[in-house]
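Visitor: Hello! I would like to learn how to read a helical model, feature by feature. Could you walk me through one?

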Amino acid sequence: MSDTSENETQTINRIAWRILPLATLCYLGAYIDRQNIGFAKLQMAADLHISETIFASGASLFFIGYMIFEVPSNMLLHKFGASRWIARIGLSWGIITILLAFTKSVLMFYILRFLLGTAEAGLYPGIIYYLSLWFPAQHRVRMMGYFTLASSIGNMLSGPLCGWLLSQHGFASLAGWQIIFLATGIFPTILAILVFFFLPERPETQTFLNNTEKKWLIDTLESERQHVLQHDTRHANPLSAVFDIRVMELAACFMLISIASYGLSYWLPSLVNEFGVGYTTNGFLNAIPYLLGTLALIFLVPTVRKGDRPLYAMLAASALGAFCFGLSVFMHDNSSRFLLLCLGGPCIYVLLPCLWVLPSRFLKDAKAAVGIATITSIGGFGAFLGQNLVAWARYWSGSADLPMLVPAVACLILFLMIFKMISSSQNKKTSDKIASETI
C-alpha cells in the first residue's frame, strides 16, 4: 500500500471514529422509537378500546408529519448546521414520545403521533447529507453501510427491550406500553445534549484532523463537488432538485423499501404473538431477522462500492426479499414461516446503503439537502402505506400470515424498477462508447 493510500485510510478512519458513533446513535434511537409502537400496540389498543385498523392509522400519522416537514427541516439543517438542528430534533422527539405515555384518547394518540413525525422530520436525510460533507465518494457506500447498521441494530435491540418493558406491566402503577414510551423518550433527550456539544460541523472548522489530512479531505470533496456542478445542466435553484427525474426514481425506490421495511417491523410482533409466546420471548424472536441484517451489512455491503455494483446488489436483494416474503404466506408451520422472514428481513437492510450512495453522484450543496429530503419524504409515505396495508390485509383476510404479501409485492416492484435502471445505465454507457469511438 502506498503512503498516499495509507494516509487516506488513516484520515477516513479518524473521521469515522469521530462522527459515526454519535450519528449512528441518533439513527439507532430513531429506529427504536419507530418500532416501539408495534409492541405498545399489543396492550395499548385494548386499553384505548380501538381496533387494529384504527390503531394502525393513528400510528402511521407519524409518517404524514414526517413527510410534510422533511424538506423544510433539511433546508434548515443546511442553514443552521448539523449539531444545532439535530439536537433540536432529538429534544422535541424525546419530549413528545414521553407525552405518548399519558395518552388518554384516540384523538390525543392521533395528534401526538402526527407531532412526533413533525418533530423527527429531517433526522434521517439530515444525517445522510451530513455524512456526504465528510466522506468522499469512494468511501461513502461503506460508511453508509456502517450508518445503516443503526437501523438493524435498533430493530434488534428494540425487540428484547420493548418486550421486556411491556412485561413490566403494573410497575409504578403504569401499564407496560406506558413504560415503553417513557423509556424510549428519555434516550433521544440525552442524545440531543451530546450532539449539541460534540458533533462536529464541516471539515473546514475542525481541529481533530492535522493540516495534511484536512487539506486532502477538503480538496477531494471540492473536486467531486466541481465535477457534479459542471455536469449539472439543471436550474441552480436548490428546489429544482424536487423535480429532478433521478430524484423521483430514487424516491419511488425508497418508498417501496419503506413499505417492505415498516410493513415487516410493524406486523412482526403481532405475527410472532400468534405463536403463543410471552412478551419477552416475542421480543427476542423479533431480534433475529435484524441480527442477520446486521451481519449482512458488516460483511456484504463493504464489497459494494463503485460503478453499478450498488444497483446489482439492490437487484439481488429485492429478488430474494420478494421470494422469501411471498413464500412465507403459504407456509403453514410457524418455524418455516419465521425462517423465511428471517431471510427476507436482511434484504431490506442491504438495500438502504446501496440506495443512499446514488444521490451524491448528481447532487451537491443545498440541492443535495433538498434532494435527499425529497427522497426520504416520499419514502415516509411508503412507511405510512406499509403500516396501514398490513393492518388492512389482516382485517380483510382474517389471517395473520397474509399481511406479508405487502413487503413481497413491494420488493417485486422494486426489482423491476432496479432492472430498468440497470438497463438504462448500460444503454447509456454503450451510447457514450459509440460516440467516443466515432469522434
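Guide: Gladly. Please keep in mind that this is a predicted model. Let us begin with helix pairs.

Visitor: How do the axes of helix 3 and helix 4 cross?

Guide: For a pair of helices, look at the distance between the axes and at the angle. Helix 3 covers residues 82-100 and helix 4 covers residues 106-120; their axes come within 8 Å and cross at roughly 165°. Angles over 145 degrees count as roughly antiparallel, so helix 3 is roughly antiparallel to helix 4. The crossing of these two helices is left-handed.

Visitor: Which residues of helix 3 and helix 4 meet?

Guide: On the helix 3 side they include Ile-89, Trp-93, Ile-96 and Leu-100, and on the helix 4 side they include Met-108, Phe-109, Leu-112 and Leu-116. By class, the contact has eleven nonpolar, two polar and three charged residues. Among the residues that meet are Arg-88 in helix 3, and Arg-113 and Glu-120 in helix 4.

Visitor: At what angle do helix 6 and helix 10 pack?

Guide: Helix 6 and helix 10 (residues 279-299) pack at about 170°, and their axes are 7 Å apart. That makes helix 6 roughly antiparallel to helix 10. As for classes, this contact has 13 nonpolar, eleven polar and no charged residues. Gly-145, Gly-159 and Gly-163 are among the helix 6 residues that take part, while the helix 10 residues include Gly-283, Tyr-290 and Gly-293.

Visitor: And what is the crossing of helix 11 and helix 12 like?

Guide: The axes of helix 11 (residues 309-328) and helix 12 (residues 334-356) come within 8 Å, with a crossing of roughly 155°. Helix 11 is therefore roughly antiparallel to helix 12. Helix 11 passes helix 12 in a left-handed crossing. The residues making the contact include Ala-313, Ala-317, Gly-321 and Cys-324 of helix 11, and Leu-340, Gly-344, Cys-347 and Leu-351 of helix 12. They divide into 17 nonpolar, five polar and one charged.

Visitor: Now for single residues. Is Met-44 buried or exposed?

Guide: Here the relative accessible area decides. Met-44 has a value of 0%, so Met-44 is buried. This residue lies in helix 1. Leaving aside neighbours within four places in sequence, Met-44 is in contact with Phe-55, Leu-100, Thr-103, Phe-109, Trp-177 and Phe-181. Two of these partners bring us back to our opening pair: Leu-100 of helix 3 and Phe-109 of helix 4 are among the residues that meet there. You can also compare sequence and space: Met-44 and Ala-101 are 57 residues apart along the chain, and their C-alpha atoms are separated by 9.9 Å.

Visitor: What does Thr-376 touch?

Guide: Beyond residues up to four places away in sequence, Thr-376 touches Glu-70, Tyr-124, Pro-125, Phe-254 and Trp-356. Thr-376 is in helix 13 (residues 365-397). With 2% relative accessibility, Thr-376 counts as buried.

Visitor: Which side chain does a polar contact join to Glu-213?

Guide: When you read a polar contact, check the distance first, then the setting of each partner. The side chains of Glu-213 and Arg-14 are joined by a polar contact of 2.9 Å. Glu-213 lies in helix 8 (residues 211-230), and at 8% relative accessibility Glu-213 counts as buried. Along the chain Glu-213 and Arg-14 are 199 residues apart, yet their C-alpha atoms are separated by 9.8 Å. Leaving aside sequence neighbours within four places, Glu-213 is in contact with Thr-11 and Arg-14.

Guide: Ser-83 offers another example. A polar contact of 2.6 Å joins the side chains of Ser-83 and Glu-201. Ser-83 is placed in helix 3 and is buried, with a relative accessible area of 8%. Not counting residues up to four places away, Ser-83 touches Val-195, Phe-196, Leu-199 and Glu-201.

Visitor: One last feature: what is phi of His-49 near?

Guide: The background is that most residues other than glycine have a negative phi. Phi of His-49 is near 60°, a positive value. His-49 is found in the loop between helix 1 and helix 2, and at 73% relative accessibility it counts as exposed. Ser-173 also has a positive phi, near 60°. Ser-173 lies in the loop between helix 6 and helix 7 and is exposed, with a relative accessible area of 72%.

Notes. Residues numbered from 1 in each chain as written. Predicted model: local features only at pLDDT ≥ 70, side-chain atom pairs only at ≥ 80, totals over all residues. Heavy atoms only, no water. Axes fitted to C-alpha atoms, helices over the stretch in contact; angles between N-to-C directions. Helix = DSSP H or I, 4+ residues; strand = E, 2+ residues; numbered from the N terminus. Parallel < 35°, antiparallel > 145°, perpendicular 65-115°, else oblique. Left-handed = near helix turned anticlockwise from the far one by under 90°. Contact = heavy atoms within 4.5 Å. Nonpolar A, V, L, I, M, F, W, Y, C, P; charged D, E, K, R; others polar. Buried < 20%, exposed > 50% of the residue type's maximum accessible area, 1.4 Å probe, protein only. Polar contact = N/O pair within 3.5 Å; in protein donor to acceptor, adjacent residues only side chain to side chain.
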